[in-house]
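Please work through the exercises below with the sequence and the coordinates open beside you. Each task sentence is followed by a solution that goes step by step.

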Amino acid sequence: MAGPALSEPLSELELKQLIACHECDLLLRKPDAAAGERVECPRCGYELYTHRAQVVRRSMALVLAALLLYVPANFLPIMQLNLLGQATEDTVWTGVLGLYNSGMQSVAVVVFLCSMAVPLLKLLCQFAVLLSICLDIGRSYGLLLYRIYHHMREWGMLEVYLMGILVAIVKLIDLADLSIGLGLLCFVALLLVQVWLEVTMSPHQIWEALSGEDAHAGD
Amino acid sequence: MRAIDAGLLICHECHQLNPQQPGSDKQFCTRCGGHLHARRPNSLVRTWALLLTAAVLYIPANLLPIMTVNSLGKGQSDTIMSGVIELVNYGMLPIAAVVFIASIVVPTFKLVGIALLLYSVQRHQPMSARQRVLMYRFIEWIGRWSMLDIFVIAILVAVVNFGSLASIVPGYGATAFASVVVLTMLAALTFDPRLIWDNTDSDDHHE
């Protein structure tokens, strides 16, 4: 991906023609990427960007779907447990409350952030950014929110939580009468939509559309 | 050639290139307004601090019980390791393997791996940059999976709540363990992977 060996050295090219790898700081001539093409750093293999078609419209549909799934996924019962006639229910929210009420406030806060707050805030940031691109309003807020989104990315852990649900089910299945609730279905759906959204919403195109460098970056 | 050699700064947040302005301490990205640094400030010191704190908390995280199962007046405390052993005794090997990897292998690997990266950058060790970068990416990607045990505890505490018949109470090992996971994730974030490449000569081949 180093490009043809043209005569001018890199330092004399214009800024627009250059790109640097975010992970190893290698300076490159910016390659032209067609739709669906993935550009990688030739030195360290980091994905520089992927060009996707219809980014804004597709992402918008996925964000709306994810926001609709959010409430049932977090507040409908994931599983019910029956023991000698007594029944208890588990939702993502009661998990947080249970920890909080048993004196583990700090852990409860971490679980709340990673499984509920950050995933919701991420979706809201993405929604606001897409709205700002679609309606062409509040671009400076859009840029700020998209920066915040990138800082939160690591901390949303829906897929880890799903694995936690599986482990809990395996631990409980022999001990008591366990039934799976509708909440689990919604949770899995939310997770899938969210992963799909992260793949679709190519950051490089969103930044260009937000800053107005390329009005058609999000098409 | 590195961007820094051409007098260009890459924005941490939006990856935009900005020409370096000589003589100004604080520079902001022309596109997104983020702070610009050639390298993350004090990356090595901050990463060491976070890593050492995590290493200290790693001890209570593994020794203290993460939860206590009370059933008909009897209480049984579980540490991280005893939870894994119990799963093995039940014959649930695949799940036991997942929990073992997420709660024991990954935190240990992260502590050792980040320490190794820091050491290799500071001592200019002739390790392959590519290997180190693969290790860094793996550490960054896998870190979040250690939260698994914390989420399992949250679910179990909520669902096994039958009063004196059976209940589960979280222990202080869980607090220590959650802190280790968060601190090692922060350590991976503060470490600047570009430092790995700064003391190798391998960039000449790609100009």
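The exercises that follow concern a predicted model, and they move from single helices to the contact between chains.

**Exercise 1.** Determine which residues of helix H2 of chain B are buried, and where they lie around the helix axis.

*Solution.* Begin with the burial of the residues in H2(B), which runs over residues 80-89: B:Ile80, B:Gly83, B:Val84 and B:Leu87 are buried. Next, consider their directions from the axis, which cover an arc of only 100°, so that these residues fall on the same side of H2(B). The spacing fits a general rule: an α-helix has 3.6 residues a turn, so residues three or four places apart point the same way. Then ask what lies over the buried residues of H2(B): the cover includes helix H1 (43-63), strand E6 (74-78), helix H3 (93-122), helix H5 (148-159) and helix H6 (172-190) of chain B. Finally, look just beyond the helix, where H2(B) is followed by B:Gly91, a residue with a positive phi near 85°.

**Exercise 2.** Describe the pairing of strands E5 and E6 of chain B, and state how many residues of E6(B) are buried.

*Solution.* Strand E5 of chain B, residues 67-71, pairs with E6(B) in the antiparallel sense over five bridges. Within this pairing, B:Asn70 stands opposite B:Gly75 of E6(B). The hairpin formed by the two strands has two residues between them, and B:Leu72 takes a positive phi near 50° there. As for burial, E6(B) is hardly covered, since the count of buried residues among its five residues is zero.

**Exercise 3.** Work out the strand order of the open three-stranded sheet in chain A, and identify the strands at its edges.

*Solution.* The order of the sheet is E6-E5-E7 of chain A, and the pairing is antiparallel. Strand E6 (86-90) and strand E7 (177-180) of chain A each have a single partner strand and therefore stand at the edges, with one side of each left without a neighbour in the sheet. Neighbouring strands of this sheet are turned by 20° against each other on average, direction ignored. Turning to one pair, strand E5 of chain A, residues 79-83, joins E6(A) in the antiparallel sense over five bridges, and A:Gln80 has A:Glu89 of E6(A) as its bridge partner. A helix of the other chain also takes part, for H5(B) packs on the sheet and touches E5 and E6 of chain A, its direction making about 150° with that of E6(A).

**Exercise 4.** Classify the relative orientation of H1(B) and H3(B), and list the residues that make the contact.

*Solution.* The two helices pack at an angle of about 150°, with their axes 10 Å apart. Angles over 145 degrees count as roughly antiparallel, and H1(B) and H3(B) are therefore roughly antiparallel to each other. In handedness, H1(B) passes H3(B) in a left-handed crossing. H1(B) brings B:Leu44, B:Thr47, B:Trp48, B:Leu51, B:Ala54, B:Ala55 and B:Tyr58 to the contact, while H3(B) brings B:Pro107, B:Leu111, B:Ile114, B:Ala115, B:Leu118, B:Val121 and B:Gln122.

**Exercise 5.** Decide whether A:Leu184 is buried, partly exposed or exposed, and place it in the packing of H5(A) and H6(A).

*Solution.* A:Leu184 belongs to helix H6 of chain A, residues 182-200. Because A:Leu184 has 19 other C-beta atoms within 10 Å, it is partly exposed, the cut-off for a buried residue being 20 or more. Helix H5 of chain A, residues 158-172, packs with H6(A) at an angle of about 150°, and the axes are 10 Å apart; that makes H5(A) roughly antiparallel to H6(A). Among the residues that make this contact are A:Leu162 and A:Ile165 of H5(A) and A:Leu184 and A:Phe187 of H6(A). A:Leu184 and A:Ile165 are 19 residues apart in sequence, yet 8.7 Å apart in space, C-alpha to C-alpha.

**Exercise 6.** Find which element of chain B gives the most residues to the side that touches chain A.

*Solution.* In total, 53 residues of chain B are in contact with 52 residues of chain A. The elements of chain B that give two or more residues to this side are strand E1 (8-10), strand E2 (17-19), H3, H5, strand E7 (166-170), H6 and helix H7 (194-198). Of these, H5(B) gives the most, with 10 residues.

Definitions and conventions. Residues numbered from 1 in each chain as written. Chains lettered and ligands numbered in written order. Predicted model: local features only at pLDDT ≥ 70, side-chain atom pairs only at ≥ 80, totals over all residues. Buried ≥ 20, exposed ≤ 12 C-beta atoms within 10 Å, placed from the backbone. Helix = DSSP H or I, 4+ residues; strand = E, 2+ residues; numbered from the N terminus. Arc of directions from axis to C-beta. Contact = placed C-beta atoms within 7 Å. Pairing = 2+ DSSP bridges. Axes fitted to C-alpha atoms, helices over the stretch in contact; angles between N-to-C directions. Parallel < 35°, antiparallel > 145°, perpendicular 65-115°, else oblique. Left-handed = near helix turned anticlockwise from the far one by under 90°.
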